[in-house]
Amino acid sequence: MGSRRTVLRGGRLGGASGAEVDRGGPLQPRRRVSYWCHAGHETRPHLASDVEAPEVWECAVCGQPSGMDKETPPAPVGVAGASHKTPYEFLMMRRTEAEGEVLLAEALEKLQATRTTSRRG
Ligand SMILES: [Zn+2]
């Protein structure tokens with residue numbers, strides 16, 4: 001009573017073998033899940049319907065980890081190696097706007113100081 005046995009009967013897909021059958025629509029052997037990386041790239045891998053969607057997928061554009069939650073994508077990896085970073089990105093990382101203004105102010109101060117000194121001296 002109630003013993004579960006796997007019985008191959010003819011081996012036809014879609015046959016009513018007692019399992020749940022979707023009605024009113026074609027069976028979808030694959031599904032698409034959207035993933036977003038920190039850069040906002042969307043990756044939509046085709047996943048088999050019987051495979052559980054992984055939490056993280058590799059971005060097809062930049063190779064960074066992507067998550068299913070667009071608002072909170074996983075943090076990018078490989079920052080230490082920074083193989084994907086361009087010199088411009090490095091510059092933006094190192095010099096924030098505030099830093100740039102401070103550097104500019106300092107430079108102007110020095111410039112004025114030198115002028116003043118040279119005038120006096
Ligand atoms: Zn990406």
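**Entry 1: Y35**

I started with Y35, which sits in strand β2. I keep in mind that this is a predicted model. Is Y35 buried or exposed? I counted 25 other C-beta atoms within 10 Å of Y35, so I put it down as buried. The cut-off for that label is 20 or more.

Next I listed what Y35 touches, skipping residues up to four places away in sequence: T43, W57, S66, G67 and M68. I also checked Y35 against E58. They are 23 residues apart in sequence, and their C-alpha atoms lie 8.5 Å apart in space.

**Entry 2: W57**

W57 was on that contact list, so I went there next. I found W57 in strand β5, which covers residues 56–58. It has 21 C-beta neighbours inside 10 Å, and that is why it counts as buried.

Which residues is W57 in contact with, leaving aside its neighbours within four places in sequence? I got Y35, T43, P45 and S66. For T43 I also took the C-alpha separation from W57: 8.0 Å, with their positions 14 residues apart along the chain.

**Entry 3: M68**

M68 also touches Y35, along with V33 and S34, again not counting residues up to four places away. I looked up where M68 belongs and found it in the loop between β6 (65–67) and α1.

Buried or exposed? I called M68 partly exposed, because it has 15 other C-beta atoms within 10 Å. Buried needs 20 or more, and exposed means 12 or fewer.

I then tried M68 against C37. Their C-alpha atoms are 8.8 Å apart, and the two residues are 31 apart in sequence.

**Entry 4: the core**

Which residues make up the largest nonpolar core? I noted 5 in all: Y35, W36, C37, W57 and C59. My reminder to self is that nonpolar side chains tend to be buried together in soluble globular proteins.

I looked at W36 from that set as well. Leaving out residues up to four places away in sequence, W36 touches H41, E42, S66, G67, K70 and P73.

**Entry 5: the whole protein**

I stepped back to the overall layout. I counted 6 strands and 2 helices, and from the N terminus they run β-β-β-β-β-β-α-α.

How much of the protein is buried? I wrote down 6% of the 121 residues. For contacts with a separation of 6 or more, 28% come from residues 24 or more positions apart.

**Entry 6: confidence**

I finished with pLDDT. The mean for the protein is 76, and 60% of the residues reach 70 or more. Which element has the highest mean, and which the lowest? Strand β2 (residues 35–36) has the highest, at 97, and helix α1 (residues 87–94) has the lowest, at 70. My starting residue, Y35, is in strand β2.

Methods:
Residues numbered from 1 in each chain as written. Predicted model: local features only at pLDDT ≥ 70, side-chain atom pairs only at ≥ 80, totals over all residues. Helix = DSSP H or I, 4+ residues; strand = E, 2+ residues; numbered from the N terminus. Contact = placed C-beta atoms within 7 Å. Core = buried A, V, L, I, M, F, W, Y, C linked by C-beta atoms within 7 Å. pLDDT = per-residue confidence, 0-100.
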